[in-house]
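Here's a structure to look through, with protein and DNA in one picture. Take a moment to find your way around before reading on.

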2 protein chains.
Amino acid sequence: MGPMERQSGVALWRQIADQIRIAIGTGEFDDLSALPGEVALAKRFSVNRHTVRSAIASLKKEGVLRVEQGRGTFIVQRTRLRYPVGRRTRFTDGLADQASTREGLLKSHAMENANSAIAEALELPVGAAVIRLDSIGTADAVPVSRGTRWLDAERFPGFVNIYRKLGSVTASMKVFGIEDYVRIRTRISAHHADPETLEDLRLSPGAIVLVTEAVNAELNGRRLEYSNTSFAADRVEIDVDHSIGQQGEKEQSQDHVAGDARKGPAG
Amino acid sequence: MGPMERQSGVALWRQIADQIRIAIGTGEFDDLSALPGEVALAKRFSVNRHTVRSAIASLKKEGVLRVEQGRGTFIVQRTRLRYPVGRRTRFTDGLADQASTREGLLKSHAMENANSAIAEALELPVGAAVIRLDSIGTADAVPVSRGTRWLDAERFPGFVNIYRKLGSVTASMKVFGIEDYVRIRTRISAHHADPETLEDLRLSPGAIVLVTEAVNAELNGRRLEYSNTSFAADRVEIDVDHSIGQQGEKEQSQDHVAGDARKGPAG
DNA sequence: ACATATTTGTTCGTATGTATC
DNA sequence: CGATACATACGAACAAATATG
């Protein structure tokens, strides 16, 4: 094991917290969900026991660990939401069978002029009027995504009101005569979350977001929507399906269930 | 703008360095002209000028910024490598037109018994003999990925020696009579890098990796290969192509060019 | 009930790093 | 460049809860 780096701008306890999180993710502590004791962890990471304790305290606050005096430290089981991405991706449906309550809260909207990235994606001239919708996605009362989408304003007049009423992009598009659409491409990257996203997704500094930049189009290839969505990386993973069949979202269902986001354990 | 958080285990100067990196990524600063001055940045982030200086010093060491005495601070242009993922993804070919030199260095290999994840992916019984290959991917002399792949040992006897000779998975598979194969699924997540990956990819603590977990199969659906690859998130982004045509890798070519990884600018 | 080992929880002190002024 | 306040990290010791035999 490589030693933790010092003077890197990231506190030792936080580096260790990250390592423990990873180790949990890879199933390294599979035995009965109990972690090694503080002294053992301190030895493993070559740090003082207090430093390990700080790391554990942080993970406890995040809801990853649960500590019981005299007994030990335990992993709070929480399955990562699996967000399916494929040719027939529908955002709202995607998490349907994984979370008991999901919601797409429209946070704000505006009229804008397309910058080069938006223009290219929607195949519009730069400066064209576009509708911008900002929303936050929630599963089981936990925010999981924060996204912005842009649509051609000329093509979808009054989209905002319709969307507000119907609560679904797919349904709103039907009003404009679009019966079907497909995902053309999805670009995926990962970054540290910016302060605004940090707040919206209730994350702590240094947290990671998975960013998807997607383009949806009609079956004939005409661009419909360009979106940019940030997912809390510790709560979501992306599942790309490359099959070419006529399968709908059903095939992407998994036997996974969203974890019950336990909060405030007996502490 | 949200204020930087204190007592978070991440030093202010590092949080600011991350924010500047993000701002550069989103094109917030004009690529060619200088960054705002230290005092302006200090005001923007509500911190002392010295703290901004530490952040800039760090980014300078990373090769993101270049400082010229009396003139200002400038962005060192570096395009993110775009790694295409689709039904017909071939790893070695993927970055072909983006980097002038690319390499898949075989780091180590071993015989293993399949754990549940590997067994499920390859549709083998748990405990079946599998070949494990660890390699590091390099583009323009910069490490960009670190991956492990597993193959059915019974099906590919002596694969390691053939792969060592040919240097390509696609070519090696041909030796075993496999003319064509397709990507079935790709699962994507993001984490902090573990110490070993940190070292292999020459990253600093707190760095992010994009992890792809992929399954390749023959056209008839028979599983061939299961892989788990970590990409340095600040050097790579993933481009998912959902098209169903017969297009090969050619269509995924982009007009992007790998940045010249400038090192050690005039300090 | 008892002693003992193990585990987490707390309180001192001290040194160094970080951030401001 | 200091001077100051606070966060981080270490070390030692002790207290409290739990598990074992």
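What follows is a tour of some helix packing and then of the protein surface beside the DNA.

## Before we start

This is a predicted model, so local features need pLDDT of at least 70 and side-chain atom pairs count only at pLDDT 80 or more, while totals for chains, interfaces and linings use all residues. Residues are numbered from 1 along each chain as its sequence is written, chains are lettered from A and ligands numbered from 1 in the order in which they are written, and side-chain values use heavy atoms, with hydrogens and water left out.

## Helices in chain A

Let's begin with α1(A) and α3(A), which pack at an angle of about 60 degrees with their axes 8 Å apart. (Helices are DSSP runs of H or I with at least four residues, strands are runs of E with at least two, and both are numbered from the N terminus. Axes are lines fitted to C-alpha atoms, for helices over the stretch in contact, and angles run from 0 to 180 degrees between N-to-C directions.) That angle makes α1(A) oblique to α3(A); angles under 35 degrees count as roughly parallel, over 145 as roughly antiparallel, 65 to 115 as roughly perpendicular and the rest as oblique. The crossing of α1(A) past α3(A) is right-handed, meaning the near helix is turned clockwise from the far one by less than a right angle, with anticlockwise being left-handed.

Who touches whom? On the α1(A) side you'll find L12(A), W13(A), R14(A), I16(A), A17(A), I20(A) and R21(A), and they meet T51(A), S54(A), A55(A), S58(A), L59(A) and E62(A) in α3(A). (Contact means heavy atoms within 4.5 Å.) Sorted by class, this contact has 7 nonpolar, 3 polar and 3 charged residues. Here Ala, Val, Leu, Ile, Met, Phe, Trp, Tyr, Cys and Pro count as nonpolar, Asp, Glu, Lys and Arg as charged, and the others, Gly among them, as polar.

Now for α2(A), residues 38-45: its axis and that of α1(A) come within 12 Å and cross at roughly 105 degrees. That makes α1(A) roughly perpendicular to α2(A). In this pair, I16(A), Q19(A), I20(A) and A23(A) of α1(A) meet L41(A), R44(A) and F45(A) of α2(A). The contact divides into 5 nonpolar, 1 polar and 1 charged residue.

## Over in chain B

Chain B has a helix α1 at residues 12-25 and a helix α3 at residues 49-62, packed at an angle of about 60 degrees with axes 8 Å apart. That makes α1(B) oblique to α3(B). The crossing is right-handed. Among the residues of α1(B) in this contact are W13(B) and I20(B), while those of α3(B) include A55(B) and L59(B). The contact splits into 7 nonpolar, 3 polar and 3 charged residues.

## Beside DNA strand D

There are 15 residues around DNA strand D, and L12(A), W13(A), H50(A), T51(A) and R71(A) come nearest. (A residue is near a strand if one of its heavy atoms lies within 4 Å of it.) Of the strand D atoms within 4 Å of the protein, 70% belong to sugar or phosphate and the rest to bases.

Zoom in on a few polar contacts, which are pairs of N or O atoms within 3.5 Å; within protein, one must be able to donate a hydrogen and the other to accept it, and residues adjacent in sequence count only if both atoms are side-chain atoms. A backbone N or O atom of L12(A) sits 2.3 Å from a phosphate oxygen of strand D. For R71(A), a side-chain N or O atom is 3.0 Å from a phosphate oxygen of strand D. Which part of strand D does the side chain of Q69(A) approach? A base nitrogen, at 3.0 Å from an N or O atom of that side chain.

## Beside DNA strand C

Around DNA strand C there are 20 residues, with E38(A), R49(A), L12(B), W13(B) and T51(B) coming nearest. Here 65% of the strand C atoms within 4 Å of the protein belong to sugar or phosphate, and the rest to bases. The largest share of this surface, 3 residues, comes from α3(A).

A side-chain N or O atom of R49(A) is 2.4 Å from a base oxygen of strand C. A backbone N or O atom of E38(A) lies 2.9 Å from a phosphate oxygen of strand C.
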